[in-house]
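Grab your viewer and a notepad. Here are a few exercises to work through, each with its solution spelled out.

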Amino acid sequence: MTRSVFRFLSRQPETVEIANQHYMLRLPRYADYRQWYQLRSESRAFLEPWEPTWRADEMTESAFRSRVIRNEQEYASGQAVPLFLFRRPDETLLGGLTIGHIRRGAALNCMIGYWMGQKYAGQGHMYEALKLTIPYIFTVLELHRIEAACIPENTRSIRLLEKAGFEREGYLRQYLKINGQWRDHLMFSLLSVDAVPNRNMPL
């Protein structure tokens, strides 16, 4: 497994940008703080039911800077690819998508999670982000399996995953502590062999 990680790191670029003419996903930067603060603040009531409990200093600039540093370290080590989603050409921040828990060796899998600002939700932006990200995961990161866990009541997220070609695999009891409570989750997955040209998410 160690050799696999080192091979991955040896070809890991200093940064990442996944884009088309309408959207761009890239690593967070310090300069994103104002946009991030505005979007997350105005979306707080919308996001909190689906996320871990927000810390008291969640929205401070110092906490954001620490987050950016941690994101860069996770990316450099091959553990995760934390991305912000921007609309082009004005580079408006819409939300975020994280490729996390990357496992090499015999596993070759990852877990994805995402969030969307309330005023941009339900408009197809995250679906377009997945269309960009899934080929990156399978061809650039060279992973075999993508997993996503979803609270059963989050019907919007379930529809998104199913539209993107993910298949429901099982029910995980008290899987993650969300908004202060241990919550059951549904597990979804997408395999590299599923992403063929006649599916929703072609490579």
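The exercises below go from one residue to its helix, then to the strands around that helix, and end with the cysteines; keep in mind that this is a predicted model.

**Exercise 1.** Work out where His125 sits, whether it is buried or exposed, and what it touches.

*Solution.* Start with the secondary structure: His125 belongs to helix H5, which covers residues 125–140. Next, check the accessibility. The relative value for His125 is 10%, and the cut-off for buried is under 20%, so this residue counts as buried. Now look for polar partners: the side chains of His125 and Gln123 make a polar contact at 3.3 Å. Finally, leave out residues up to four places away in sequence, and the contacts of His125 are Tyr23, Leu85, Leu94, Met116 and Tyr120.

**Exercise 2.** Check the length of H5 against the expected helical span, then find how many of its residues are buried.

*Solution.* Take the length first. H5 has 16 residues, and at 1.5 Å a residue they should span 22 Å. The end C-alpha atoms of H5 are 22 Å apart, so the two values agree. Then go through the accessibilities: twelve of the 16 residues are buried, which leaves H5 mostly covered. Among the buried ones are His125, Leu130, Pro135 and Phe138. Past the end of the helix, have a look at Glu142, which follows H5 and has a positive phi, near 60 degrees.

**Exercise 3.** Find the strands that pair with E6, give the sense of each pairing, and find the handedness of the crossover through H5.

*Solution.* Begin with strand E5 (residues 109–116): it pairs with E6 in the parallel sense over three bridges. One pair to click on is Asn109 with its bridge partner Arg145 in E6. Follow the chain from E5 through H5 to E6 and you get a β-α-β crossover that is right-handed. Now turn to strand E8 (residues 181–191), which pairs with E6 in the antiparallel sense over six bridges. Here Glu147 has Ser189 in E8 as its bridge partner. As for the surroundings of E6 (residues 145–150), five of its six residues are buried, so the strand is largely enclosed by the rest of the structure.

**Exercise 4.** Are Cys110 and Cys150 buried or exposed, and how many disulfides are there?

*Solution.* Apply the under 20% cut-off again: Cys110 comes out at 1% relative accessibility, so it is buried. Cys150 has a relative accessible area of 2%, so Cys150 is buried too. Last step, the sulfur pairs: with a cut-off of within 2.5 Å, the count is zero disulfides.

Methods
Residues numbered from 1 in each chain as written. Predicted model: local features only at pLDDT ≥ 70, side-chain atom pairs only at ≥ 80, totals over all residues. Heavy atoms only, no water. Helix = DSSP H or I, 4+ residues; strand = E, 2+ residues; numbered from the N terminus. Buried < 20%, exposed > 50% of the residue type's maximum accessible area, 1.4 Å probe, protein only. Polar contact = N/O pair within 3.5 Å; in protein donor to acceptor, adjacent residues only side chain to side chain. Contact = heavy atoms within 4.5 Å. Pairing = 2+ DSSP bridges. Right-handed = clockwise from strand over helix to strand, strands pointing away. Expected span 1.5 Å × (residues − 1).
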